[in-house]
Amino acid sequence: MIVDIINKKRLGQILSKEELEFFFNGYLEGKVTDYQMSSMLMAICIKNMTEREIFDLCDIFIKSGEILDFSDIEGIKVDKHSTGGVGDKTTMIIAPIVASLGVPVVKMSGRGLGFTGGTIDKLESIPGFRTDLSIDEIKQQVKEIGMVVAGQTANLAPMDKKIYALRDVTGTVESIPLIATSIMSKKIASGADKILIDIKVGKGALLKNEKDARKLSELMQKIGKEYNKEVRCLITNMDNPLGTSIGNTLEVVEAINILTGKEKNSLTDLCIELASNMVSMGKNISIEEAEERVKGSIYSGLAYQKFLDFVKHQGGIINNMKLSPNKYDINATKAGVIESIDALEFGKLSVTLGAGRINKEDIIDPSVGIVFDKLVGDKVEIGEKLCTIYNNREIQLPDIESFIKIS
Ligand code: URA
């Protein structure tokens with residue numbers, strides 16, 4: 001019985017694969033209700049799961065939908081996933097770098113929810129850009145230009161889609177077994193040969209400490225082994241927003257600036273690190289050699305050319321992007337050095353401006369967001385600009401200067 005299985009987990013007992021199948025498949029079929037699943041998810045959050053249970057649950061998630069097969073595309077396909085952050089535009093930068101070096105990138109990306117952004121929303125701020133590609137279109141584009149970034153097809157790990165939405169509103173997102181199952185089911189169903197995962201830790205991330213990040217990393221690598229897929233995890237900081245902008249069009253502009261070498265900051269370093277890992281996995285070469293190739297691709301303009309090809313292939317017109325004409329500067333009232341920029345508060349502000357969603361149905365305003373003139377470690381004088389807010393709404397802005405700590 002459904003309630004017996006919930007009680008078993010509430011008491012911290014181990015569920016068999018049959019019990020997990022009965023319960024979770026029952027949810028997808030509508031036999032288990034939202035309130036019963038919420039109760040089960042909370043029991044998992046509190047009582048945890050054994051590795052065996054996690055492997056079984058992940059397998060059930062994977063098999064709930066289609067499993068993509070890209071074996072007819074030559075080369076080792078490497079996918080990348082970030083556990084989510086503020087101003088994280090790394091996919092738009094590293095996918096063209098990696099593809100320009102002959103490693104095929106087939107990337108299924110998501111939309112933003114809550115204070116974290118999503119690559120699909122960012123790319124759709126380019127007028128005409130299509131993300132709803134069919135599997136045939138995805139394969140064709142990878143064969144032609146070596147890369148594609150598409151929205152998750154409806155039937156890819158549908159169990160995760162349904163359960164993630166419920167976790168989001170029941171306080172059950174922050175569970176390591178559930179995060180590992182959610183991420184790995186999507187990645188394995190997406191059909192890549194190797195997977196790189198950027199685990200974000202800090203104020204603006206799901207995970208707030210390194211110990212949990214290391215646990216998640218180990219677990220995801222073990223799940224990968226079950227499917228014969230190499231999984232590499234990097235643990236990177238998310239206390240401060242990534243790079244100089246938050247907001248959809250603004251982040252595309254920043255990605256272009258990094259790819260063309262006009263901007264260089266800690267985001268550039270992170271992108272080089274991620275891209276080097278992907279190239280090292282895809283070409284079976286050392287990180288050092290991969291890093292040289294990655295830097296070469298950026299400085300020679302090869303990566304930017306690949307980005308332009310990619311945008312054109314997916315219907316985007318890069319020259320037609322629009323920013324809100326309503327700009328508002330935040331100037332420093334104190335001199336010193338920037339100690340921190342609160343990723344969580346700025347993430348929430350970007351949602352207030354309309355750059356992100358509170359509910360799934362909300363429509364994004366691609367033209368709004370925040371651009372930072374000063375980053376962590378920069379000196380600032382009284383009256384100097386800290387950041388610019390692009391806004392289209394009649395809203396009362398919070399005390400934005402208080403989100404930036406100057407010491
Ligand atoms: N990203 C996901 O895809 N799933 C989670 O559970 C957390 C982050």
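1. In this predicted model, helix α9 provides the largest share of the shell around the ligand, with 4 residues. Helix α9 covers 176-189, and α8, at 158-170, likewise supplies at least two residues of the shell.

2. The ligand is surrounded by His81, Thr83, Tyr164, Arg167, Ile179, Ser182, Ile183, Lys186 and Leu206. By class, the shell holds 4 nonpolar, 3 polar and 2 charged residues.

3. Three side chains place polar atoms at short listed distances from the ligand. For Lys186, a side-chain N or O atom is 2.4 Å from an oxygen atom of the ligand. For Arg167, the distance from a side-chain N or O atom to a ligand oxygen is 2.9 Å. Ser182 instead addresses a nitrogen atom of the ligand, with a polar side-chain atom 2.6 Å away. The ligand taken alone exposes 240 Å², and 93% of that is buried by the protein.

4. A separate point concerns Gln141, which sits in helix α7, residues 135-145. Is Gln141 buried or exposed? Its relative accessible area is 5%, under the 20% cut-off, so Gln141 counts as buried.

5. Leaving out residues up to four places away in sequence, Gln141 touches Leu133, Gly146, Met147, Val148, Phe310, His313 and Gln314. With Gln314 there is also a polar contact between the two side chains, at 2.9 Å.

6. Gln141 and Tyr35 are 106 residues apart along the chain, and their C-alpha atoms are separated by 42 Å.

Methods: Residues are numbered from 1 along each chain as its sequence is written. This is a predicted model: local features need pLDDT of at least 70, side-chain atom pairs count only at pLDDT 80 or more; totals for chains, interfaces and linings use all residues. Side-chain values use heavy atoms; hydrogens and water are left out. A residue is near a molecule or strand if one of its heavy atoms lies within 4 Å of it. A polar contact is a pair of N or O atoms within 3.5 Å; within protein, one must be able to donate a hydrogen and the other to accept it, and residues adjacent in sequence count only if both atoms are side-chain atoms. Accessible areas come from the Shrake-Rupley method with a 1.4 Å probe; for residues, only the protein chains shown count as cover. Ala, Val, Leu, Ile, Met, Phe, Trp, Tyr, Cys and Pro count as nonpolar, Asp, Glu, Lys and Arg as charged, and the others, Gly among them, as polar. Buried means under 20% relative accessible area, exposed over 50%, partly exposed in between (1.4 Å probe, protein chains only). Contact means heavy atoms within 4.5 Å.
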